Every structure is written in C-alpha cells, then in structure tokens.
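Q: Please take a close look at one part of this structure, the packing of its helices. Which residues meet there, and at what angles do the helices pack?

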Amino acid sequence: MHRLLRQLALLAFPLTWLVSEVSAATPSTGCGKAPTFITPGAASTPLSLSHNNKQRKYFVKMPADYDQDHPYRLILTLHALGGTAQQVTAGTGGYLPWYGMPDQVNDTVGAIYVAPDGLNNGWANQAGEDVGFLQKVMEAVEGDLCVDQRLRFSTGFSYGAAMSYALACSLGRQIRAVAALSGNPMISGCSGGTEPVAYYGEHGVSDAVLPIAGGREMRDRFVRNNGCTSQEPEEPAAGSGTHIKTTYSGCDPDYPVVWVAFDGDHTPQPIDQGAQATFAAAESWNFFSSFK
C-alpha cells in the first residue's frame, strides 16, 4: 500500500518536482539493501548495543510496508522519568503508543520510530552519555534501514522532552526538529545550544512538576537561535479547558518555532474541555511532517 500511495502521489506532480524531491534526500547506508538485524519484531522485542561499557536497549518500529529503497523520517520517542521504552511502544503508563504519531501519518514519506531506554529510567545525560548513546542508536538504525538523514527528529514527555532538548543543543543541524512536551532545560543539560533547530514546545500552565517557566526557557533558546521575533505568546487561563498555539514570526523559514500552552498539569496527553482525545499527537506529527 505504501508503494502504491507513493506512486500515485508522484504521478500527481510534475517531473521537475520529482527530480528535486529525489535529489533533496540524503539516504543512509541502510538504503538499497535488505535489513540484517532490524525486523518487524523489534517493535516489541528490544535490540541492544554497548555504550560506555553498558548494554542498552531500544525498540524500532518499521512501516508495515517497509521499502528498502525509500528514505524515511527517523523519529526518536523518549520516555519520562520512571518510565520505560516498552511503555512508549505499548501505550501504557500514560503514553499513546509511540506518542500516537503512527496513527497520524498522512504522507508518502512516512517514518521509522525508535524508543530507547534511559539509564535508571531517566536521561541524566551525565558527561553527554545519553547523547552519545542516542547517536549510536541512530547510526545503527540508519546502517540497517533506509533513512533520510536530513529528517531526524526527537520527541518526549518530561525527562524525554529534556533529553530531546539536549539532543537539539548538542547535535544542532544533525537534528531536523524536536517536539518537547513539558520539559525543563536543566535536567538533561544543553551542551552547545547555538545552532538552529526547528522547535515545537508544549506545556501546561498549571504544571506542578516541571513549571512552565522551564518550558518557556527551552523555547526561547531556539527563538533566538532560529532568528525569530521575540514575543510573549498568549497562554490560556487556568480553568479555561483550552490550549493556545503560537507560531513565531520572523524565524528562518527552515527553522520554525511553535509554542502550545494548555490549561492543565503535567501530562503527555492534554485534552481540551469537551474533546475526546489529546491534541498533542496531531500537533507533534503536523510539525514533523511539515519537513520533507
């Protein structure tokens, strides 16, 4: 089905668009060959690698109709403090499976998802250890599966948001965009932090665990890095049951910044009053999928 959709999409555009689209991708070394160790089973049975003399685990979700010749997005999905990668994959412990993004896929680029385990159920990132681990994970996945290396992303809630922010700081343009859900800039650190990275931030105005001031600080680093016009976005009142989305103006067109403040506490699944489902998955996917 994936191949058919992609073929139909290509027929709908002029040949000049097709040439620019193909030439724009940066295929990883895993493109054009059959995977050697990542299988569909890696979505439920973890893989492992050694980093700093520690065996560390990660799960990988491939598209159901994986095409070894098609470069996909690579999306890291990072758990919160006390959580596990398995909770992220299964959609337990307050998470939607893989942060709900696979159900949002609506284009022909698609995505490969990775859920790694942090040390001691967190992402302290001491001396950059977790950045190094996640770099190794990306290298392993990109060496076995077909990834567009221009399209690397990271999302997470709480500690996972902090680690996504740390990746953006440390890896800069190697990361296309992050979606930081209710994080804090101090807990995973920010080594570097001077390069532009497309940034989506989301935070509850009544967050009693990691107050929204930390989320604003994370956001404002990339407002500066991305050349955006400084502003104080409108935020909903406590008890309003709503969220307010602000897309910053003046940013480098390649590096937008979006901020969503919601009426609520510390949660990966904020839901507006009267709604049946969280807006977080759709907003995160819409941001990531804008990069092709």
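A: The account below follows one helix and its two contacts in turn. The model is predicted, with local features requiring pLDDT of at least 70 and side-chain atom pairs pLDDT 80 or more, while totals for chains, interfaces and linings use all residues. Residues are numbered from 1 along each chain as its sequence is written, and side-chain values use heavy atoms, without hydrogens and water.

The helix in question is α5, residues 159-171 (helices are DSSP runs of H or I, at least four residues, numbered from the N terminus). Helix α4, residues 129-144, packs against α5 at an angle of about 80°, and their axes lie 10 Å apart (axes are lines fitted to C-alpha atoms over the stretch in contact, and angles run from 0 to 180 degrees between N-to-C directions). The two are therefore roughly perpendicular (65 to 115 degrees). From α4, D130, V131, L134, Q135 and M138 meet M163, A166, L167, S170 and L171 of α5 (contact means heavy atoms within 4.5 Å). Seven of these contact residues are nonpolar, two polar and one charged (Ala, Val, Leu, Ile, Met, Phe, Trp, Tyr, Cys and Pro count as nonpolar, Asp, Glu, Lys and Arg as charged, the others as polar).

Helix α6, residues 212-225, packs with α5 at about 20°, with axes 11 Å apart. These two helices are therefore roughly parallel (under 35 degrees). On the α5 side, A161, A162, Y165, A168 and C169 make the contact, and M218, R221 and F222 do so on the α6 side. This contact of α5 with α6 comprises seven nonpolar residues, no polar and one charged.

How values were computed:
Angles under 35 degrees count as roughly parallel, over 145 as roughly antiparallel, 65 to 115 as roughly perpendicular and the rest as oblique.
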